[in-house]
Amino acid sequence: MNLGKKSKKELIDLVNHLRAPLSISDPRQIKGTSEKDLYKILAYSSQVGCYIMQNRRFRFINSHFLEYTGYTEDKMLKMNPASLILPEDRRKTAKNAIMMLKQERFSPYEFRIVTKDGQIKWIMETVMSITYKGKRAILGNSMDVTERKEASRRLEELEALESSILDAIPQAVVGLHERRINFANHAVKVIFGWHREELIGKSIKMIYRNAKEAEIIGDLFYSKLEHQRTFETEFPCLCKDGREILCRIKASRIGEKLREKRIVVTYEDITTEKKVQEDLERSRQELRNLSIHLQSVREEERTLVARKIHDELGQSLTALQMDLSWLSGRLPSDSQIIRDKTQSMSDLVDATIESVHNITADLRPSLLDDLGLGAAIEWQATEFQKRFGIRCQAHIKCSNISIDKALATDVFRIFQEALTNIARHAKATLCKVNLTENGKDLCLDVTDNGVGITQWQVDDPRSFGMIGMRERAHLWGGAVHVRNVKPSGTTVKVLIPLK
Ligand SMILES: Nc1ncnc2c1ncn2[C@@H]1O[C@H](COP(=O)(O)OP(=O)(O)O)[C@@H](O)[C@H]1O
Ligand SMILES: [Mg+2]
C-alpha cells in the first residue's frame, strides 16, 4: 500500500479502521476452558496470530502468526522466540510481557519483529499464563499493525508539516469556530503582540478595536463565506499594547460549506504600506498641481506676449507700411533708384508682418480664442502639412459649445505635441486627425503611418512629452492612449468626458 499518496483524511480513516479490530477478547476469559476447546479457538479464531510458548520455545503457532513472520512452522518450533524480535525492542518487550503475565498491565504492547526476508513489522501483542499439557505456558495473541503504524507516522508527519508551514507564514493565521480562536500560528506574536497560548480559546474580539467592530467584521465574513470560499478586506485591528494597525484580512471557510462557522483568517499588517502609498499619492498630487500651475502660468505668459507683439509691433509695422506707401506716392517720377529702394523696404515690412503673425500664432493661435478648438486644430493641421510636407487630413465634428476655453487649450497643446512627435520620430507620410464631440465626450484621434512606437517608449519616465499629454488629459478626468496601429504607425487617442 502506498501511504505517501493518501490524503490526510484518508490516513485518519485508515488509522481508525485499523485500530478497530484491536479489541481482542479479554484473554482472561479463556482461563478454565478445556485444552481441546482452547486448541480450536487458537487455530480458527479471528484475525489474530496466536502462539503457545513454553520453556522459551514455541509449542503452537497458528497460520496468521506464521504469515507475519514468513517462517515455516518447523523452523519456528525450533527457533528462540526472542530472536524474532528486533534487538532494540527485546528488553522492553520482555518487560511488558512480564508485567502483563503478572497482571500489572492490561493493554496490548507493541514491538518490531524481523521477518524471514528481513522486513521489519510492527506487532501488537497480549500475553497470558495458561496451563498447557499440564505445565505452565504463555498464550500470545498478536496482530500485524505495520500499516496502521505507518499511517499514523505519515499523519504525524503531515501534521508537523502543516504546523511548520503555518509558522513559516509571515501573516497571523487564526482558526475560528463560532468566533472563538481554536488555533493560531507564531506570527500572531509578531503582528498583534499576543502569544498564541494567550489567544487560543478566547473570542476573536481581542484583536479588534471594540466589540462592535468585531461583530461587524464577523457578520461580514460569515455572510460572504456562505456563498464564496474566500473573502478579503482591509480592517483596523488592535495590538496587545493598544496600538491600532490596519490589516489586510483574508478569510476562508474550512471545507465545502460554512459548517459550524469554522473559518481560517489571515491578518497582514499593512499600516506602513498604506502610509507609504498615501504619501506617494499625496506627493504625486502635489507634483500634478505644480505642473498644472506652471502650465497655466506659461499659457498666460504666452497669451500676453503674443498680444503685446501683435498689438505694439503689429501696429508699428502697419504704420510703417502706410508711411512707406505715402512716401512712394510722393516720389518724383525720375527717382527710379529711390522708388526701388522704397519697394524693397515695403516688401521687407510685409515679410516682417508675416513673421510677427507666425510668431504670435505659434505662441498662441488667436483662432483658439476667436473660433474655438475645431478651427484651431484644422489650422494647425494645414500649417503642419505646409511646414513638414506630411499630408495631414483633419475631420472635425465638434460644436465648440460645451468646450471650456482652458480645456480647448489643453487639447490643442496635446495635439501640437502629437504632431511634433510625428515630425520628429515617426518618418510618416500621412497623418489623420479626427476630433469628435458628442455632448458626452470629447475625442481626439491622431494617427500616423510611420514606424510605430513601443510600450516601453510610451511608459518611459523620461518621455516628458507623453507625461505632459497624460497630465493635461488627467486634469480633465480624461486619458491619453498611445499605441501601435496596423500595418504600421502610431495612434494617439485622447478621451475627455464633458460634464
Ligand atoms: N508618432 C510617433 N512615432 C514613433 N515614435 C514616437 C511617436 N511619438 C513618440 N514616439 C517615441 O516616443 C518617445 C517619447 O515621446 P515624447 O515623450 O514626446 O518624447 P520626445 O521628447 O522624445 O518627443 C519618443 O522619443 C519617440 O521615440
Ligand atoms: Mg515629444
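Analyst: Helices and strands here are DSSP runs, a helix having at least four residues and a strand at least two, and they are numbered from the N terminus. The model is predicted. Start with one loop residue.

User: Where does lysine 133 lie?

Analyst: Lysine 133 sits in the loop that links β4 and β5. Look at its backbone next. Its phi is near 50 degrees, a positive value in a residue that is not glycine.

User: Is lysine 133 buried or exposed?

Analyst: Count the neighbours. A residue is exposed if 12 or fewer other C-beta atoms lie within 10 Å of its own, and buried if there are 20 or more. Lysine 133 has 9, so it is exposed.

User: Which loop holds glutamine 103?

Analyst: Glutamine 103 belongs to the loop between α5 and β3. Its phi is positive too, about 60 degrees, although glutamine 103 is not a glycine. The count of other C-beta atoms within 10 Å is 10, so glutamine 103 is exposed.

User: In what order do the strands β1 to β5 form their sheet?

Analyst: Read across the sheet, strand by strand. The order is β2-β1-β5-β4-β3. This is an open sheet, and its pairing is antiparallel. An edge strand pairs on one side only; here the edges are β2 (57-61) and β3 (109-114). Neighbouring strands are turned against each other by 40 degrees on average, direction ignored.

User: How many bridges pair β1 with β2?

Analyst: Strand β1, residues 49-54, pairs with β2 over four bridges, in the antiparallel sense. To see one, find tyrosine 51: its bridge partner in β2 is isoleucine 61.

User: Which strands does helix α5 lie across?

Analyst: Helix α5 (residues 90-101) crosses β3, β4 (120-132) and β5 (135-144). Compare directions with β4: the helix runs at about 35 degrees to that strand.

User: In what order do β6 to β10 form their sheet?

Analyst: Use the reading again. The five strands stand in the order β7-β6-β10-β9-β8, in an open, antiparallel sheet. Its edges are β7 (180-184) and β8 (230-238). The twist averages 30 degrees from one strand to the next.

User: What stands opposite valine 264?

Analyst: Valine 264 is in β10, and serine 252 stands opposite it. Glycine 175 also stands opposite valine 264. Now the strand pairs. Strand β9 (residues 244-253) and strand β10 (residues 262-269) are antiparallel and share seven bridges. Strand β6 (residues 172-177) is joined to β10 by six bridges, again antiparallel.

User: What do β6 and β7 form together?

Analyst: They form a hairpin, with two residues between the strands. Glutamate 178 in the turn has a positive phi of about 50 degrees. Four bridges join the two antiparallel strands. One bridge pairs histidine 177 with arginine 180 of β7.

User: Which residues have the most contacts inside the largest nonpolar core?

Analyst: A core is a set of buried nonpolar residues joined through C-beta atoms within 7 Å. The largest one has 34 residues, and those with the most contacts inside it are Ile377, Val411, Ile414 and Phe415. Elements that each supply at least two residues include α13 (373-388), β11 (391-397), β12 (430-437) and β13 (441-448). The largest share, nine residues, comes from α14.

User: What is isoleucine 414 in contact with, leaving aside its neighbours within four places in sequence?

Analyst: Isoleucine 414 touches Leu444, Met469, Arg472, Ala473, Val480 and Val494. Another core lies apart from this one. That second core has 23 residues, among them Phe192, Cys247, Ile249 and Ala251.

User: How many residues surround ligand 1?

Analyst: The shell around ligand 1 has 15 residues; the closest are Asn421, His425, Ala426, Ser463 and Gly465. Next, ask which elements they come from. Two elements give two or more residues each: α14 (405-426) and α16 (464-475). The largest share, five residues, is from α14. By type, the shell divides into six nonpolar, seven polar and two charged residues.

User: Which peptide bond is cis, with omega near 0 degrees?

Analyst: Check the bond from lysine 486 to proline 487: it is cis. Proline 487 is placed in the loop between β14 and β15.

Terms used. Residues are numbered from 1 along each chain as its sequence is written. Chains are lettered from A and ligands numbered from 1 in the order in which they are written. This is a predicted model: local features need pLDDT of at least 70, side-chain atom pairs count only at pLDDT 80 or more; totals for chains, interfaces and linings use all residues. A residue is near a molecule or strand if its C-beta atom, placed from the backbone, lies within 6 Å of it. Ala, Val, Leu, Ile, Met, Phe, Trp, Tyr, Cys and Pro count as nonpolar, Asp, Glu, Lys and Arg as charged, and the others, Gly among them, as polar. Two strands pair if DSSP finds at least two bridges between them. Axes are lines fitted to C-alpha atoms, for helices over the stretch in contact, and angles run from 0 to 180 degrees between N-to-C directions. Two residues are in contact if their C-beta atoms, placed from the backbone, lie within 7 Å.
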